Amino acid sequence: MSVPVTATLDARPSAPKGLLAQLASIVGGYHVLSDPDLTAGHEVDWTGRFTGPTPVVVRPRNPHEVAAVLRACAQYRVPVIPQGGNTGLVGGGVPRQGEAVLSTTRLTDLEPVDRLSGQVTVGAGATLAAVQRHVREAGYDIAVDLAARDSATIGGMVATNAGGLRVLRWGPMRSQVVGVEAVLADGRVMNRLSGLPKDSSGYDLTQLLVGSEGTLAVITRVRLRLIPLFTDRVTVLLALQDTATALRVLALVRGSVPSLDSAEITYADGVALVHKHLRLPSPFRTPTPYPVHLLLECAAQRDPADDLIEALERSPDLLDSAIATDEPSRRALWAHREGHTDAVNAAGVPLKLDVAVPLEELAAFEQEVRGLTVRHAPGARLVLFGHLAEGNYHVNILDAGDRDEELSEAVLRAVARRGGTISAEHGIGVAKARWLSLTRAAVDLDLAAVTKRAWDPEALLNPGVLFSADPA
Ligand SMILES: Cc1cc2nc3c(=O)[nH]c(=O)nc-3n(C[C@H](O)[C@H](O)[C@H](O)COP(=O)(O)OP(=O)(O)OC[C@H]3O[C@@H](n4cnc5c(N)ncnc54)[C@H](O)[C@@H]3O)c2cc1C
């Protein structure tokens, strides 16, 4: 196990005398949870791999309450874990050794869409799905989408710089955030919500918070850049021989179809797991298990199907294909890709690594990961899938037993050798903090530690995340 469970649920920590009463006076007694039955859901992450006890979960309703809660925790010197939808995959949003959990799930206010600027301000605890519904009613859309949309919060997505399914066209969360409101560990509020598209007045503190994983401040509101709501979509699922072919098809389509929104790659073993878990039939005319599936989706204001088909007709390497233009058939094709995370989790507690390498390295890297898995954990099951255009693989390994640590190290070193990153979109959390120096230079890490000390000198926010050692 690469990250040990730091405390068992039996050895329950208790809050310092007076803290619970003070928190209740801020948010109301119903929103201060200390009964283990009520805190349990906040003490374990989505994968079941990271867990630890908390003396209290507190659920403020607005930024003023967040500020007062943080001041109270600072007064009692109780560290705080900001938690959104708890769909994070690197253990950064759950307690480890008795920290308080600040749940943002009541910070759900949605302000009206600003049609003139094409922006919206939303509470950090609003889920992605709620924000999608809200802005779509106004004819807009949010450019980041991911399978955990019903639970993942906007604040969590900013804090992890989430990527997802449309990065190739629109960039990750970082590209959508035009401003934030955030509360520092000492209760001071930083407000950068004006939404000015141009502002060259010094350091960009908003962007510093993107990807900060709850270590610098608690994000309370976010101003997002919106994109048009596309009316026409076409989705194809292609059966291919190998990763190199998938990259050739991607290059061909990317160069000629500007409406390309998504390019997702999956492999036979993962697809088989999804089919079993969701009881899905083969999407193709013949039920042959093909080595590689490539899902492509285009979105536009006018039917992009002809453009995509024309480009694919020039691709000589397709073994089979399925196409969908109406919503139910599109969703059915997406299920073969989006079902992966659930299917893997249903099969056991996986070792999960979210990495990216330069595209020219991807095919060789895939082979290397397969080899490393066999060598370091014979008998383990490797399930690879990911966002092809960013060279981003989700490496999931089941049944690695006590070889987790060794295998993580080997895969992450391979990533570093090939010029990649040890986290493409899930963040570092506690899961990968010890390996950050593989892909970040000493000067980067020094500056990060100085930044952490400037924002959070008492190290009260999310200890153990990003930094494996105390940044002081
Ligand atoms: C089925 C599934 C599919 C997924 N697909 C993708 C994908 O395609 N792309 C992708 O990028 N991720 C994906 N994820 C991972 C996850 O959904 C994202 O990391 C998401 O951004 C986490 O949001 P959350 O609200 O659940 O955050 P949490 O899990 O609650 O927290 C994540 C981190 O952010 C911090 N945090 C949360 N809220 C705040 C806040 N308001 N202020 C400061 N810090 C905060 C926490 O302390 C923690 O470090 C997937 C997860 C699942 C379960």
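This is a short dialogue on reading the ligand site and the domains of a predicted model.

User: What should I know about the model before I start?

Analyst: Welcome! The model is predicted, so local features need pLDDT of at least 70, side-chain atom pairs count only at pLDDT 80 or more, and totals for chains, interfaces and linings use all residues. Residues are numbered from 1 along each chain as its sequence is written, and side-chain values use heavy atoms, with hydrogens and water left out.

User: Which residues come nearest to the ligand?

Analyst: A residue is near a molecule if one of its heavy atoms lies within 4 Å of it. Here 36 residues surround the ligand, and Pro82, Gly84, Thr87, Gly88 and Thr153 come nearest.

User: How do I read the classes in that shell?

Analyst: Ala, Val, Leu, Ile, Met, Phe, Trp, Tyr, Cys and Pro count as nonpolar, Asp, Glu, Lys and Arg as charged, and the others, Gly among them, as polar. The shell has 14 nonpolar, 20 polar and two charged residues.

User: Which atoms of glutamate 425 and asparagine 86 face ligand atoms in polar contacts?

Analyst: Between protein and ligand, look for a pair of N or O atoms within 3.5 Å. Glutamate 425 places a polar side-chain atom 3.1 Å from a ligand nitrogen atom, while asparagine 86 has a backbone N or O atom 2.9 Å from a ligand oxygen atom.

User: How much of the ligand does the protein cover?

Analyst: Accessible areas come from the Shrake-Rupley method with a 1.4 Å probe. Of the 970 Å² that the ligand has on its own, the protein covers 97%.

User: And which domains are assigned?

Analyst: Bounds come from an automatic or database domain assignment. The assignment gives domain 1 (19-106), domain 2 (119-228), domain 3 (232-341) and domain 4 (348-438).

Technical notes: Polar contact = N/O pair within 3.5 Å; in protein donor to acceptor, adjacent residues only side chain to side chain.
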